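Subject: Structure for your review

Dear colleague,

Please find the structure below, together with its sequence. My findings follow it.

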Amino acid sequence: MVVNNKVDSLSYDVEAPPNQGSSAGAAAAAAAAAAAAAAPPPAPAPAVSHHHHSVLELHKVSLPERRSTGKALRQRLAEVFFPDDPLHQFKNQSSARRLVLALQYFFPIFQWGSAYSPRLLRSDLVAGLTIASLAIPQGISYAKLANLPPIIGLYSSFVPPLIYSLLGSSRDLAVGPVSIASLVMGSMLREAVSPDDQPILYLQLAFTATFFAGVFQASLGFLRLGFIVDFLSKATLTGFMGGAAIIVSLQQLKGLLGIVHFTSHMGFVDVMRSVFKRHDEWEWQTIVMGTAFLAILLLTRQISARNPKLFWISAGAPLASVIISTILSFIWKSHSISVIGILPRGVNPPSANMLTFSGSYVALTIKTGIMTGILSLTEGIAVGRTFASINNYQVDGNKEMMAIGIMNMAGSCASCYVTTGSFSRSAVNYSAGCKTAVSNIVMASAVLITLLFLMPLFHYTPNVILSAIIITAVIGLIDVRGAAKLWKVDKLDFLACMSAFLGVLLVSVQMGLAIAVGISLFKILLQVTRPNMVVKGLIPGTQSYRSVVQYKEAVRVPGFLIVGVESAIYFANSMYLVERVMRYLRDEEERALKSSQSSIRCVVLDMSAVAAIDTSGLDALSELKKVLDKRHIELVLANPVGSVAERMFNSAVGETFGSDRLFFSVAEAVAAGACKPQP
């Protein structure tokens with residue numbers, strides 16, 4: 001094809017779309033406008049009539065700048081692993097300035113700390129004390145959920161927040177144990193080791209799994225592989241979180257009813273069977289206290305939800321419930337209400353000597369670490385990005401992964417288990433007016449004071465209160481509106497959501513998570529192997545070709561089949577592309593035969609949405625061309641993007657098609673094909 005080549009404008013008798021009746025003349029004029037920029041009204045003549053009043057200028061498809069293999073590989077790797085170009089800030093800087101920027105990059109506290117002021121401290125102090133009132137009872141409760149001693153929950157609310165305040169890039173994230181990671185760790189480890197019969201071994205496995213979770217998380221951040229976490233789609237997470245929340249709540253029936261002998265299984269059927277089978281162990285005192293405080297906690301949650309300015313009511317309710325119930329339990333001293341018991345005073349003891357990297361349980365700790373690591377990363381990064389978007393600042397996902405990973409690796413050596421950013425505590429932190437990560441330092445300081453001086457006060461805290469706090473915290477994870485929205489927008493997403501939900505509820509938490517990941521991968525494979533393809537028609541009055549299904553006014557051009565490919569062409573979908581085009585061709589030929597129109601003589605592939613193509617895709621285009629050539633049908637390509645055109649011309653496919661089969665736009669391809677003599 002030659003630049004500035006002129007093609008006579010053309011007009012066509014086009015098929016009118018449904019419900020247009022006598023508007024065929026308008027449609028014909030529209031088709032002419034697509035072939036020529038502004039063709040005059042055609043005379044009632046043959047199917048194709050030539051007019052010389054205006055011309056359509058053809059343009060050559062340009063190739064991108066030639067790149068060496070090394071340069072192309074470097075650019076591709078940079079886009080995959082460094083899309084945010086983190087080294088840009090170091091360009092044209094002195095050595096001293098680069099050192100400062102490096103410190104600020106790896107330790108964000110050096111960036112915002114230099115501008116810290118007493119006014120910011122006042123806000124962070126209030127926020128830190130507020131989330132501490134929530135973190136202390138939740139830490140004790142979530143440790144119980146993971147089948148760990150309650151003190152481990154407080155240890156995990158002290159060291160990790162201090163580390164995150166140095167390394168994290170989020171101002172609003174409140175760090176500590178979370179319900180879902182606690183549930184998964186507890187259920188996975190309990191299948192192999194009983195926390196009651198072998199408490200020391202169970203602790204060793206919990207700390208080792210936390211270490212592996214941290215290694216996994218930090219590795220993803222260091223290797224810039226954060227996109228792996230995105231394989232858990234919003235739909236599958238909605239179902240998984242909802243199912244896990246119900247399982248967590250049902251597990252707390254043991255504490256709410258005062259049952260001593262309870263099933264270790266997590267399935268809905270097993271839990272409910274155990275509840276009714278042990279009805280003789282129900283304690284009415286425990287039921288009354290648990291129901292009353294659960295109602296109070298849920299009421300305060302509703303009050304804060306309806307009036308965000310009253311956030312402090314729901315934030316302080318758990319600690320207030322612990323204090324009041326502890327006083328009542330101390331006064332009552334009823335043996336029917338079980339209490340936490342003695343908790344040791346003092347800061348975190350070292351636990352590096354308890355990490356075990358050999359033996360028969362290593363595979364279990366690695367699997368548990370990866371599972372809990374993925375879940376905690378997903379929650380932490382999602383929460384951080386949510387509040388960052390509200391406050392209009394950026395959170396670096398890879399830096400967050402490294403911060404959370406290092407935090408868990410260090411925590412595993414300081415008697416902590418898996419921690420991350422909690423949504424409930426982060427929401428309270430934001431509502432309380434936090435300005436920087438200093439709120440985490442304030443919270444950790446409050447936990448430290450509790451560890452050093454206040455532990456004896458928790459001796460008479462009823463276990464039933466911890467169950468009520470857990471239920472109140474996780475009930476917000478059941479997103480019924482989100483599931484309803486999925487049903488309305490995308491039925492496949494809703495199916496993924498419900499599959500993950502039922503997998504957790506009826507089988508196990510691990511199976512639910514596996515189903516969630518499997519469905520996410522299946523959806524990706526389905527979209528890759530079955531890309532969206534559409535038949536296009538002309539929009540009257542324009543030169544634009546759009547899907548005839550989406551735009552009812554779009555009209556087909558006789559003799560042409562215009563197919564839009566809306567996906568990259570890879571080995572996984574290349575043969576589907578050929579089969580789909582041939583099926584469209586069969587349908588269009590049948591349509592043309594019924595309407596007594598000319599048969600298809602040219603197939604135009606609109607490549608504008610094809611972002612990439614591999615060798616299998618190129619071979620598929622060659623194969624399609626051979627098949628169509630045998631039927632005396634021409635195959636042309638319109639608007640290939642730079643990378644696709646580059647690969648075509650670097651292969652034999654470019655020679656097969658030649659420049660006369662590559663066009664700048666669909667309109668030019670139609671115009672050039674129409675002026676060729678019909679066979």
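Helix α3 (residues 95-106) contributes the most to the nonpolar patch, namely 3 residues. Please bear in mind throughout that this is a predicted model. The patch in question covers about 570 Å² of the surface and is made by L99, L103, F106, F107, F110 and L166. Of these residues, F106 is found in helix α3. F106 counts as partly exposed because its relative accessibility is 49%, which falls between the limits of 20% for buried and 50% for exposed.

I turn next to the salt bridges. Side chains of opposite charge can pair when their charged atoms come close. A search of the whole structure finds 10 salt bridges.

One of them joins R278 to E281, with the closest N and O atoms 4.0 Å apart. R278 is partly exposed at 31% relative accessibility, whereas E281, at 14%, counts as buried.

A second salt bridge links the side chains of R556 and E588, at 3.2 Å from N to O. R556 lies in the loop between β6 (545-547) and β7 (560-565) and E588 in helix α23 (residues 574-594), so this pair ties together parts that are 32 residues apart in sequence. Both R556 and E588 are buried.

Helix α23 also takes part in a further pairing, that of R631 with E589, in which the closest N and O atoms are 2.9 Å apart. Because R631 lies in the loop between α24 (615-630) and β9 (634-638) while E589 lies in helix α23, the pair ties together parts that are 42 residues apart in sequence. R631 is partly exposed, with a relative accessible area of 39%, and E589 also counts as partly exposed, at 25% relative accessibility.

Salt bridges that share partners also join D490, D493 and K523 into one network. Within that network, D493 is found in helix α21 (residues 491-506). D493 has a relative accessible area of 14% and is therefore buried. The C-alpha atoms of D493 and I519 are separated by 9.2 Å, the two residues being 26 residues apart along the chain.

The remaining findings concern the empty space in the model. Rolling a probe the size of a water molecule over the atoms shows where empty space is left.

The structure holds 3 cavities of 30 Å³ or more. The largest cavity has a volume of about 80 Å³. Its lining is made by 12 residues, of which R556, P558, E588, Q597 and I600 are the closest to the centre. The salt-bridged residues R556 and E588 are thus among those closest to the centre of the largest cavity. Helix α23 supplies the largest share of this lining, 3 residues. By class, the lining of the largest cavity has 5 nonpolar, 3 polar and 4 charged residues.

The second largest pocket holds about 1100 Å³ of space. It is lined by 44 residues, and those closest to its centre are K144, N147, R190, D196 and K254. The elements that give two or more residues to this lining are α5 (118-145), α8 (179-190), α9 (199-222), α11 (253-257) and α19 (463-474). By class, the lining of the second largest pocket has 18 nonpolar, 18 polar and 8 charged residues.

Yours sincerely

Note on methods:
Residues numbered from 1 in each chain as written. Predicted model: local features only at pLDDT ≥ 70, side-chain atom pairs only at ≥ 80, totals over all residues. Heavy atoms only, no water. Patch = residues over 30% accessible without salt bridge, like charges linked within 9 Å, V, L, I, M, F, W, Y side chains within 5 Å. Areas by Shrake-Rupley, 256 points an atom, 1.4 Å probe, with all protein chains shown as cover. Helix = DSSP H or I, 4+ residues; strand = E, 2+ residues; numbered from the N terminus. Buried < 20%, exposed > 50% of the residue type's maximum accessible area, 1.4 Å probe, protein only. 1 Å grid on protein atoms, 1.4 Å probe; cavity = no way out; pocket = protein on both sides within 12 Å on 5 of 7 lines; lining within 4 Å. Points joined across faces, edges and corners; volume = space filled by probe spheres on them. Nonpolar A, V, L, I, M, F, W, Y, C, P; charged D, E, K, R; others polar.
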